[in-house]
Amino acid sequence: MASSDEAPGAMPPGDGSVPPGKSMTIGQHVIDKGAQLMQSLKPIKQMSQHVCTFAMYSHDITRQIETHHYVSRVNQDFLQCAVYDSDDSKGRLIGIEYILSDRIFETLPAEEQKLWHSHEYEIIAGLWVNPKVPEIVQKQELKNLAPTYGKFWCTWQVDRGDRLPLGAPALMMSPQGVNLGMVAPELVKKRDEKYGISSKDLEKTRADIAGPKTTMNPYANYWMQTGKGFAIDVELTDMKKTAPFP
């Protein structure tokens, strides 16, 4: 089973809802609301940004999706994101992305760097936006993020019709300013119209934003150097059966 499989197999029976399942009962809503009031949910409350941008599959760069990152900044060099397919209350959690400063990224082994992508182009091109946040407010954070690198694993390929998160995760890449890396105009137009923005106008205001302090690392965006992507194969393997304690 590979992340590049065209189809994950038969979908579960049902009415076609995504995901399949019965509607929540009133009792379940009461339980959930009670738990929400009594628990701290501290990791969730650290999410301070909503970023809307685009991503493409490493093994099939023609498959492009709109993504919604809910971002927690752990420190000045590291961020972590829960990635959804939309920003409404029924948005589906489709993956996770980790973001590193260029300073930390440069310390990684070359084989690890190949799994990461740069953010410079998508930010400067106006593709990366914080919906409803004025550009003047988000400008400094955009300057902070432009030199960063991300590693994004997609765990639910909703764009191929999966009603559940099926199969192996897929590595995702960021838009780039070359032919294969360009986002389909209709995707950008649909997103821009939804939020009442113009990516082209944003691009003009971001001309003063710079990428990594050094030359772009050649191992990031590895497909641009080699024309090859990455796909995960799931294979059966012998388990380690040594007991962890006497």
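Student: Leaving aside its neighbours within four places in sequence, which residues is Val74 in contact with?
Tutor: Keep in mind that we're looking at a predicted model. Contact here means heavy atoms within 4.5 Å. Once the neighbours within four places in sequence are set aside, the residues in contact with Val74 are Leu79 and Gln80.

Student: Is Val74 buried, partly exposed or exposed?
Tutor: Val74 has its place in strand E2, residues 64-75. Its relative accessibility comes out at 48%. Buried would need under 20% and exposed over 50%, so Val74 counts as partly exposed.

Student: What separation do the C-alpha atoms of Val74 and Gln46 have?
Tutor: Along the chain, Val74 and Gln46 are 28 residues apart. In space, their C-alpha atoms are separated by 8.6 Å.

Student: Let's move to Arg191. Is Arg191 buried or exposed?
Tutor: Arg191 is found in helix H7, which covers residues 185-195. The cut-off for buried is under 20% relative accessible area. Arg191 has 0%, so it counts as buried.

Student: Which residue has the backbone oxygen that the side chain of Arg191 reaches?
Tutor: There are two partners to sort out here. With Ser199, the polar contact of Arg191 is side chain to side chain, at 3.1 Å. The backbone oxygen, reached at 2.9 Å, belongs to Leu127.

Student: Which residues does Arg191 contact, leaving aside its neighbours within four places in sequence?
Tutor: Leu127 and Ser199 turn up again in this list. Taken in full, the contacts of Arg191 beyond four places in sequence are Cys52, Thr53, Phe54, Glu66, Gly126, Leu127, Val129, Ile197 and Ser199.

Student: Which element gives the largest share of the lining of the largest cavity?
Tutor: The count comes to one cavity of 30 Å³ or more, and the largest cavity has a volume of about 60 Å³. Its lining includes Thr53, Phe54 and Ala55, along with His69, His117 and His119. By class, the lining has five nonpolar, five polar and two charged residues. The largest share, three residues, comes from strand E1 (residues 47-57).

Student: What about open space: which residues are closest to the centre of the largest pocket?
Tutor: About 510 Å³ of space lies in the largest pocket. Of the 19 residues lining this pocket, the closest to its centre are Pro19, Ser89, Lys90, Gly91 and Arg92.

Student: Which element provides the largest share of the lining of the second largest pocket?
Tutor: The second largest pocket holds about 340 Å³ of space. Among its 14 lining residues, Leu127, Met182, Val183, Val188 and Lys200 lie nearest the centre. Two elements give two or more residues to that lining, H7 and helix H8 (199-205). With four residues, the largest share comes from H7.

Student: Zooming out, what is the radius of gyration of the protein?
Tutor: The secondary structure comes to nine helices and seven strands. For 246 residues the globule rule gives 18 Å, and the value for this protein is close to that, so it is as compact as a globular protein of that length. The radius of gyration is 20 Å.

Student: Of the contacts between residues at least 6 apart in sequence, what percentage join residues at least 24 apart?
Tutor: For the overall picture, the C-alpha atoms fill a box of roughly 50 × 45 × 40 Å along the principal axes. Of the 246 residues, 40% count as buried. As for contacts between residues at least 6 apart in sequence, the portion joining residues at least 24 apart is 67%.

Notes: Residues are numbered from 1 along each chain as its sequence is written. This is a predicted model: local features need pLDDT of at least 70, side-chain atom pairs count only at pLDDT 80 or more; totals for chains, interfaces and linings use all residues. Side-chain values use heavy atoms; hydrogens and water are left out. Buried means under 20% relative accessible area, exposed over 50%, partly exposed in between (1.4 Å probe, protein chains only). A polar contact is a pair of N or O atoms within 3.5 Å; within protein, one must be able to donate a hydrogen and the other to accept it, and residues adjacent in sequence count only if both atoms are side-chain atoms. On a 1 Å grid over the protein atoms alone, a cavity is a set of points where a 1.4 Å probe fits but cannot get out, and a pocket is an open set with protein on both sides within 12 Å along at least five of seven lines; lining residues have an atom within 4 Å of a point. Grid points are joined across faces, edges and corners, and a volume is the space filled by probe spheres set on the points. Ala, Val, Leu, Ile, Met, Phe, Trp, Tyr, Cys and Pro count as nonpolar, Asp, Glu, Lys and Arg as charged, and the others, Gly among them, as polar. The radius of gyration is taken over C-alpha atoms; the globule rule is 2.2 Å times the number of residues to the power 0.38.
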